[in-house]
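Trainee: Could you take a close look at one part of this model with me? I would like to understand the empty spaces and what sits around them.

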Amino acid sequence: QVQLVESGGGLAQAGGSLRLACAASVNIFSINTMGWYRQAPGKQRDMVATITTRGSTNYADSVKGRFTISRDNIKNTVYLQMSSLKPEDTAVYYCNAVRYHDEIRSFEFWGQGTQVTVSS
């Protein structure tokens, strides 16, 4: 299976920036979609941003214009650049990967999560 390891979380002030990284154990060309999800205490896990192998991106409305997802195919790493951080961005951020096997099956993988805390 695909191993995903997140890094870059930490403490930031409101208005500040953080960059998260997710390193995959396989060539990310073999992964159809990679993305970032987050889960705040007492809340469900929600999509933040996704990116396909073709470069198509999708963002949650709450982060549009502030967050940018990108990938480095040489390093097999996907990034989430977070700017203009708000306290409500505080959550555990999880890396996600989806790989299509065929028309019937797909495989989904998750990283261990990295904590992001934004102070007001």
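Mentor: Happy to; what follows goes from the pocket to the cavity, and then to a strand with two residues worth a look. Please keep in mind that this is a predicted model.

Let's begin with the open space. The largest pocket holds about 150 Å³, and 13 residues make up its lining. Nearest its centre you will find R38, A40, K43, D46 and E88. Two strands, strand 4 (33–39) and strand 5 (46–52), each supply at least two residues of that lining. Strand 5 gives the most, with three residues. Sorted by class, the pocket lining is made of five nonpolar, four polar and four charged residues.

Now for the enclosed space. Searching the whole structure for cavities of 30 Å³ or more turns up one, and the largest cavity has a volume of about 40 Å³. Its lining consists of I28, I31, N32, M34, I51, T52, T53 and R71. By class, that comes to four nonpolar, three polar and one charged residues.

One of those lining residues, M34, leads us to N96, since M34 is among the residues that N96 touches. N96 sits in strand 9, which covers residues 91–100. Is N96 buried or exposed? Its relative accessibility is 2%, and because buried means under 20%, N96 counts as buried. Leaving aside residues up to four places away in sequence, N96 touches L4, T33, M34, G35, Y37, E108, F109 and W110. With F109 there is also a polar approach to look at: a polar atom of the N96 side chain lies 3.4 Å from the backbone oxygen of F109.

Strand 9 also holds C95, which brings us to the disulfide. In general, a disulfide is a covalent bond between the sulfur atoms of two cysteines. The count here is one disulfide: C22 and C95 form it, with their sulfur atoms 2.0 Å apart. This pair links distant parts of the chain, as C22 belongs to strand 3 (residues 18–24) and C95 to strand 9, 73 residues apart. The torsion about the S-S bond is about -85°, so the disulfide of C22 and C95 is left-handed. Both cysteines, C22 and C95, are buried.

So, if you return to the display, you might start at R38 and D46 by the pocket centre, go on to M34 in the cavity lining, cross to N96 through its contact with M34, and finish at the disulfide of C22 and C95.

Terms used. Residues numbered from 1 in each chain as written. Predicted model: local features only at pLDDT ≥ 70, side-chain atom pairs only at ≥ 80, totals over all residues. Heavy atoms only, no water. 1 Å grid on protein atoms, 1.4 Å probe; cavity = no way out; pocket = protein on both sides within 12 Å on 5 of 7 lines; lining within 4 Å. Points joined across faces, edges and corners; volume = space filled by probe spheres on them. Helix = DSSP H or I, 4+ residues; strand = E, 2+ residues; numbered from the N terminus. Nonpolar A, V, L, I, M, F, W, Y, C, P; charged D, E, K, R; others polar. Buried < 20%, exposed > 50% of the residue type's maximum accessible area, 1.4 Å probe, protein only. Polar contact = N/O pair within 3.5 Å; in protein donor to acceptor, adjacent residues only side chain to side chain. Contact = heavy atoms within 4.5 Å. Disulfide = S-S within 2.5 Å.
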